[in-house]
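Q: Could you take me on a close look at one small part of this protein, and then show me how the rest is arranged around it? I'm a first-year student, so please go step by step.

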Amino acid sequence: MTKSILFLSGSLRAESLNTRLTAIAARTLPTAYEPDFFDLSDIPPYNADHDGEHAPASVVELRRRIHNAAGVFWATPEYNYAVPGVVKNVIDWASRPIFPQNCLVGKPMNAAVATISATNGVRSLSELKRMWNTSGGLSAPLPDCVITLAPTKFIDEGGIESLEPLSLKMITLAVACLVRLCDSNASEALVENWHSYVAALSS
Ligand SMILES: Cc1cc2nc3c(=O)[nH]c(=O)nc-3n(C[C@H](O)[C@H](O)[C@H](O)COP(=O)(O)O)c2cc1C
């Protein structure tokens, strides 16, 4: 059966560099994987009063798509030296219900940041990976994929948008590292660890 990787953009704007990056990253997937895309525009701010049985339809669908994906690939901006609220909000929704297990637990993830800055972006990347891991997920430690001065890195290749060679190499590597995690049994170990943690808490 074909596995899928869910591509998420941390920017909602129409011309987002990061959304454009998800399309390029998706094209580097091996044939055993298919890309899935989910637009985060309709995800409301997290509100525990609106969670549970009556969770918003967009959130139910997001959780289903994360659950069904073998792994998640984020392309996100850095906002004020941190992840955008859109990204944090997705992690908040996806990390509930905390017990017995939610869609984040054991889920492999890797990420890239496209920024207009020449020097920034890595804080958003490391913060996203830290939050994902501490919510029970599994982010690839490598590579630190930050596309700096991003507007200058996109190129046209016969009518299809791509990246200049070094940036394309880094994105290809980031996706390949995620696929390797998905193909390993690292996620199973994490899920088992989670269940033993839950069992310890309830005994
Ligand atoms: C509210 C806000 C805060 C920003 N803060 C940062 C920042 O801390 N670091 C950075 O590298 N770029 C920052 N930027 C610039 C982004 O790199 C730039 O807007 C980028 O194009 C956003 O990604 P997008 O094209 O996918 O929307 C910020 C932009 C906005 C709108």
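A: Let's start at Asn-47, which sits in the loop between strand S2 and helix H2. This is a predicted model, so everything here is computed from its atoms. Is Asn-47 buried or exposed? Count the other C-beta atoms within 10 Å of its own: there are 11. A residue with 12 or fewer is called exposed, so Asn-47 is exposed. You can also look from Asn-47 to Val-72, which is 25 residues away along the chain. The C-alpha atoms of these two residues are separated by 24 Å.

Now step back to the strand before this loop. Strand S2 covers residues 33-37, and its partner here is strand S1, residues 3-9. Five bridges join S1 and S2, and the two strands run parallel. To find one of these pairings on your screen, pick Phe-7 and look across to its bridge partner in S2, Phe-37. Strand S1 is mostly covered, with five of its seven residues buried. In contrast to that strand, Asn-47 is exposed.

On the other side of the loop comes helix H2, residues 57-68. Helix H2 packs against helix H3, residues 85-94, at an angle of about 80 degrees, and their axes are 10 Å apart. The two helices are therefore roughly perpendicular to each other. Which residues make the contact between H2 and H3? From H2 they are Val-59, Leu-62, Arg-63 and Ile-66, while H3 supplies Val-90, Trp-93 and Ala-94. Sorted by character, the residues of this contact are six nonpolar, one charged and no polar.

Finally, let's place these pieces in the whole protein. The protein has six helices and eight strands. Reading from the N terminus, the order of its elements is β-α-β-α-β-α-β-α-β-β-β-β-α-α. Its radius of gyration is 17 Å, close to the 17 Å that the globule rule gives for 203 residues, so the protein is as compact as a globular protein of that length. Along the principal axes, the C-alpha atoms fill a box of roughly 60 × 35 × 30 Å. Of the 203 residues, 36% are buried. What about contacts between residues at least 6 apart in sequence? Among these, 80% join residues at least 24 apart.

Terms used:
Residues numbered from 1 in each chain as written. Predicted model: local features only at pLDDT ≥ 70, side-chain atom pairs only at ≥ 80, totals over all residues. Axes fitted to C-alpha atoms, helices over the stretch in contact; angles between N-to-C directions. Helix = DSSP H or I, 4+ residues; strand = E, 2+ residues; numbered from the N terminus. Parallel < 35°, antiparallel > 145°, perpendicular 65-115°, else oblique. Contact = placed C-beta atoms within 7 Å. Nonpolar A, V, L, I, M, F, W, Y, C, P; charged D, E, K, R; others polar. Rg over C-alpha atoms; globule rule 2.2 N^0.38 Å. Buried ≥ 20, exposed ≤ 12 C-beta atoms within 10 Å, placed from the backbone. Pairing = 2+ DSSP bridges.
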